[in-house]
Amino acid sequence: MLSVHDAGNIVRIRLSGSAKEAMGAMKVRVENLAKGEMVEGWHRSFCFSNNPFLRRVFVETGAYVRADWKRQSLKVYGPPRAVDHARNVIKNELERLAPLDYTVTLLRRSVGFFVREGIPQLKETLGENNVRFATFSRKITVTGSEEARHALECLIALSLKGDHVLPNTSQGEQTCPICYDDVTSPQQLGCGHVYCAACLRHFLSSALDSDQLPLTCLGDEARCHVPIPIPTIQQFLPPTSFNRLLEAAFDSHVSKHPEEFKCCKTPDCTQLYRPVRPRDPAKTLHCPSCFAAVCNACNEDSHEGLTCAQSRLRKNQAEQDRLNDAWIASQGGRVKKCPRCSVPIEKTYGCNHMTCRCGAHVCWVCLGIFTAETIYPHLHTAH
């Protein structure tokens, strides 16, 4: 039973019932309804807080749009008409943004200039949300018109001028693995590599956009691979960005280790579990969110009393049909399939009038289907 209690700004939904698994599936369903409707399409600018476009959608349509940066998706909440209106507005915005992204891979000698001066200038000119720089790949992307492209190209040309390239000629100076210049405001990691503080801060803050996870040292031409300590990350990132990075790192780890983590079998349930390890006995796990029971060996519905192989065989209809046909063929003609429902019928004694559980009146000799009134005339005349 589902009960809805409207208390002004708060709406409470209560589910009750005796069937645990059905309740779990209903719980997930209600939760998903409360989560809104998915909208196709994504643009990086949507994930920034206080996005002016998402606010405009709410003002124009009355539908609230939530940007999920982790899944790179949009969800819309509101009445059906408002949701449809919001879908169209978002679609038009995505079409407008598609040709406006301009990406360039910087030369190594330009990275230091952009970290120190170029990126701050671009963000001041184009807006915080319209400039992205992936430190590891050295790719910088600007969103905007031809003016945005021109601004980026001018800064690239400026970065290549001799007076903007910091020479690395002094003996004993350490080179930053990001900007390839002499280190300024040095920050040393546990592996011994030293970074410019500004470069390291940008590398960590841009990790979400560049999908550079897990975060490892870029020293020795990105061959170091020693993980960057969490205290170091916390030192450079504000709490909100740090928490988002932790979530993204967890999701990245799960997606890269599919044999270690499995998703709950209930659609849209977000719970994870670890499958059985080699030589460990299989067991039934119960999802704490949707209450589904799953076998952690075959990752299918729980099948207590059956092995995983037996359970798969039972669910394999083609194999079941093959085994049934083989068994029927081995019975020497005393078992046949009902011509209506295909259930095996066994004749042990009596006449050739067979009545199947599906209600069909069957002639055992020719397997014709008749009514109760026509079966015996057929038997008398045909057989």
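Here are a few exercises on a predicted model of one protein chain, each with a worked solution.

Before you start, note that residues are numbered from 1 along each chain as its sequence is written. In this predicted model, local features need pLDDT of at least 70, side-chain atom pairs count only at pLDDT 80 or more, and totals for chains, interfaces and linings use all residues, while side-chain values use heavy atoms, with hydrogens and water left out.

**Exercise 1. Overall form**

Task: set the radius of gyration of the protein chain beside the value for a compact globule of 383 residues, and describe the box filled by the C-alpha atoms.

Solution.
- Step 1: The globule rule is 2.2 Å times the number of residues to the power 0.38, and the radius of gyration is taken over C-alpha atoms.
- Step 2: For 383 residues, a compact globule would come out near 21 Å, but the protein chain has 33 Å.
- Step 3: Along the principal axes, the C-alpha atoms fill a box of roughly 110 × 55 × 40 Å.
- Step 4: The chain is divided into domain 1 (1–35), domain 2 (36–98), domain 3 (101–162 + 174–253), domain 4 (257–315) and domain 5 (335–382), with bounds from an automatic or database domain assignment. Between the C-alpha centres of domain 2 and domain 4 there are 36 Å.

**Exercise 2. Counting elements and contacts**

Task: how many helices and strands does the protein chain have, and what share of its residues is buried?

Solution.
- Step 1: Helices (H or I, at least four residues) and strands (E, at least two) are DSSP runs, numbered from the N terminus. The protein chain has 13 helices and 19 strands.
- Step 2: Buried means under 20% relative accessible area, exposed over 50%, and partly exposed in between (1.4 Å probe, protein chains only). Of the 383 residues, 36% count as buried.
- Step 3: Contact means heavy atoms within 4.5 Å. Among contacts between residues at least 6 apart in sequence, 44% join residues at least 24 apart.

**Exercise 3. Positive phi outside glycine**

Task: where do serine 185 and asparagine 299 lie, and how accessible are they?

Solution.
- Step 1: As background, most residues other than glycine have a negative phi.
- Step 2: Serine 185 has a positive phi near 50°. Its place is the loop between helix 5 (146–159) and strand 9 (186–188). Serine 185 counts as exposed because its relative accessible area is 53%.
- Step 3: Asparagine 299 also has a positive phi, about 60°. This residue sits in the loop between strand 14 and helix 11 (308–315). Asparagine 299 has a relative accessible area of 22%, so it is partly exposed.

**Exercise 4. Three buried residues**

Task: for glycine 118, valine 30 and serine 289, find the element or loop that holds each residue.

Solution.
- Step 1: Glycine 118 belongs to helix 4 (residues 108–126). Its relative accessibility is 0%, so glycine 118 is buried. Beyond neighbours within four places in sequence, glycine 118 is in contact with Phe113 and Leu155. The C-alpha atoms of glycine 118 and leucine 155 are 6.3 Å apart, with their positions 37 residues apart along the chain.
- Step 2: Valine 30 is part of helix 1 (residues 20–34), and it counts as buried because its relative accessibility is 13%. From C-alpha to C-alpha, valine 30 and isoleucine 13 are 8.5 Å apart, and 17 residues apart in sequence.
- Step 3: Serine 289 lies in the loop between strand 13 (284–286) and strand 14 (293–295). With 14% relative accessibility, serine 289 is buried. Its contacts, leaving aside neighbours within four places in sequence, are Lys27, Glu31, Cys269 and Gln271.
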